[in-house]
Amino acid sequence: MTILFLRESMMNFARTAPVIAALLLAGTATAASAAGLYGQWRVSFENHPGGPLPFTLDVREGKAGPLAYIVNPPERLRAEQVAVTADSITLTFPSYNSRIELKAAAGGTLAGTATVLRSTGPVTLVAKAQRGTWRFTPGVVKPAGNVGGRWDISYGPRAIKGVMMLKQTGAQVTGTVQLPTGDVRYLAGELNGSQLKLSAFDGSSTGLWQGTLSGDTLKGANFGATSPAAGNPWAAKKERQADIEAVVVEKPGADRLAFRLPTPDGQMVSLSDPRFKGKVVVISIGGAWCPNCHDEALFLGPYATRRQKDGLELIGLQFEYGTDQARAMRQITSFKTRYKLPYPMVYAGQPNAEDTKKVLGDLAPVKVWPSTIFIGRDGKVREVHVGWAGPATGAMNEKVKREFDETVSRLLKERA
C-alpha cells in the first residue's frame with residue numbers, strides 16, 4: 001500500500017511539476033516585465049488650469065507588490081493602491097475617490113489620465129510622464145534672488161491674509177502657504193530668474209503657484225483643477241515676523257448638540273449613546289474630499305487611541321460631495337481604513353449650508369474644513385476650533401496639536 005501510494009504521488013508530481021514551473025516562470029516574467037516601469041517619473045497634468053502641473057512619481061518593488069510614492073519634497077506620499085503591468089501603472093486613492101492611469105507611449109514615455117473628485121463632479125486631467133525628477137525646467141536654472149523666508153500674503157479676490165513659508169536651495173524652492181482656510185500642503189518648484197513656479201499634488205488636490213519676484217515682493221496667481229482661466233491672484237511681501245493663527249477658537253452658537261446619524265456599517269450614532277455619557281467628546285467636522293482633513297486624521301487617529309483610557313471619545317462627522325450616499329459611505333470607510341481611525345465616522349450629508357444646518361443647528365455654518373467641536377463631560381459644547389495646520393507648516397502644525405491637547409486635557413480634568 002505504501003509503495004503504491006508513493007508511486008502514484010510521484011506520478012502526480014511528474015504530471016503537475018511542468019504546470020507549476022510554468023506558472024512560476026510566468027509570475028517571474030510578469031514581475032520582470034513590470035519592473036521595466038519601476039523608477040522615477042516626471043508626471044505632468046497637461047491640461048491643468050494655468051499650465052502643466054508637474055510632480056515626481058517614484059515606483060518601486062515592495063515585499064508584497066509594487067509601491068508608488070508621489071513626491072513633493074520633502075513629502076513622499078504613498079499611494080493607497082498600486083498596479084503595475086508590463087505597459088501600465090495605475091494608482092488608486094479610494095479615500096479620495098481618485099485615480100491615475102498611465103500606459104506606455106512612444107519614446108519610453110507614459111500617457112493617460114487622472115480623475116479627481118470636486119464639488120461639481122469628476123474632473124479628468126490629461127497626464128504625461130517621462131523618466132526624470134526635474135520639476136519645471138530640465139536644465140540649469142539661475143535664480144535672480146532668494147525667496148527663502150516668511151511672507152505676508154494676500155490671496156484671492158477678497159485679499160485673504162495668510163503667510164507663505166519658503167525654503168530655497170540654489171534654484172530649488174519648497175514650502176507652503178497657510179490661509180485661514182488651511183494650508184496648501186507641500187509645494188515644490190523653482191525660482192528661474194525672477195519667475196517662481198511651485199506645484200503640489202497629493203492624490204487628489206492640485207495646486208500650481210506662479211509668481212514674479214521684484215525686490216521684496218512677489219505677485220502672481222494660483223490655479224487648482226477647477227480654477228478660472230486667470231486663476232486666483234495673490235501678492236506677498238517678505239516679512240520676517242509674518243504669522244497667522246492657523247486655528248481660531250470661537251464661542252459656540254449653542255451649548256448643546258444632538259444628532260443621530262449612520263456609519264457605513266449601518267450603526268446609528270448619537271451623543272445620547274451610553275458610551276459618551278460622562279466623557280469628553282471631540283467631534284471632527286470634515287470630509288474625505290478635504291486635504292486638510294486627511295492631515296488632521298494623521299494626528300487624530302493615534303491621539304484618540306492614546307487618550308481613550310482617560311475618558312476621551314471622538315466622532316467623525318463627514319459631509320461628502322454628491323447625492324450618491326452609497327458612494328459616500330464607501331469613501332468614508334476608505335478614509336477610516338487609511339488612517340486607522342478607532343472612532344465612529346458618520347455620514348452627515350453634503351458640505352453645504354443646508355445640510356450642515358440640519359445636523360449642527362446653531363453651531364452652523366461650517367466656515368472652514370476641518371472644524372472641531374469640544375464637548376465637556378457635562379454634555380455641553382465648550383469650544384469650537386476652526387481650521388487646521390498640516391505637517392507642511394512645521395512649527396504651526398506642532399502648535400495646533402499642542403493647543404488641541406491642552407483643550408482636551410483641561411476638559412478631562414473636570415467632573416461629569
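The second largest pocket of this predicted model holds about 250 Å³ of space. Its lining is made up of 19 residues. Closest to the centre of this pocket are Pro-73, Thr-133, Arg-135, Gln-172 and Gly-189. Three strands each supply at least two lining residues: S11 (160-169), S12 (172-179) and S14 (187-192). By class, the lining of the second largest pocket contains 9 polar, 7 nonpolar and 3 charged residues.

The largest pocket encloses about 1,200 Å³ of space. A total of 38 residues line it. Tyr-155, Thr-181, Ser-205, Trp-289 and Pro-291 are the closest of these to the pocket centre. Several secondary-structure elements each supply at least two residues of this lining. Among them are strand S8 (110-118), strand S13 (182-183) and strand S15 (195-201). Strand S16 (206-214), strand S17 (217-223) and helix H2 (291-307) also belong to this group. S16 gives the most, with 3 residues. Nonpolar residues number 18 in the lining of the largest pocket, polar residues 15 and charged residues 5.

One disulfide was counted in the model. A disulfide is a covalent bond between the sulfur atoms of two cysteines. Here the bond joins Cys-290 to Cys-293, with an S to S distance of 2.4 Å. The cut-off for such a pair is 2.5 Å, so Cys-290 and Cys-293 qualify. The link of Cys-290 and Cys-293 is right-handed, with 85° about the S-S bond. Both Cys-290 and Cys-293 are buried.

Attention now turns to a sheet. Strands of a sheet pair through backbone hydrogen bonds, in either a parallel or an antiparallel sense. In this model, 6 strands form an open sheet with mixed pairing. Their order is S19-S26-S25-S22-S23-S24. The edges are taken by strand S19 (248-250) and strand S24 (345-349). Each of these two has a single partner strand, so one side of each is left without a neighbour in the sheet. On average, neighbouring strands of this sheet are turned by 25° against each other, direction ignored.

The pairing at the S19 edge can be followed to single residues. S19 pairs with strand S26 (residues 381-386) in the antiparallel sense. This pairing runs over 3 bridges. Within S26, Val-384 is the bridge partner of Glu-250.

Methods
Residues are numbered from 1 along each chain as its sequence is written. This is a predicted model: local features need pLDDT of at least 70, side-chain atom pairs count only at pLDDT 80 or more; totals for chains, interfaces and linings use all residues. Side-chain values use heavy atoms; hydrogens and water are left out. On a 1 Å grid over the protein atoms alone, a cavity is a set of points where a 1.4 Å probe fits but cannot get out, and a pocket is an open set with protein on both sides within 12 Å along at least five of seven lines; lining residues have an atom within 4 Å of a point. Grid points are joined across faces, edges and corners, and a volume is the space filled by probe spheres set on the points. Helices (H or I, at least four residues) and strands (E, at least two) are DSSP runs, numbered from the N terminus. Ala, Val, Leu, Ile, Met, Phe, Trp, Tyr, Cys and Pro count as nonpolar, Asp, Glu, Lys and Arg as charged, and the others, Gly among them, as polar. Buried means under 20% relative accessible area, exposed over 50%, partly exposed in between (1.4 Å probe, protein chains only). Two strands pair if DSSP finds at least two bridges between them. Axes are lines fitted to C-alpha atoms, for helices over the stretch in contact, and angles run from 0 to 180 degrees between N-to-C directions.
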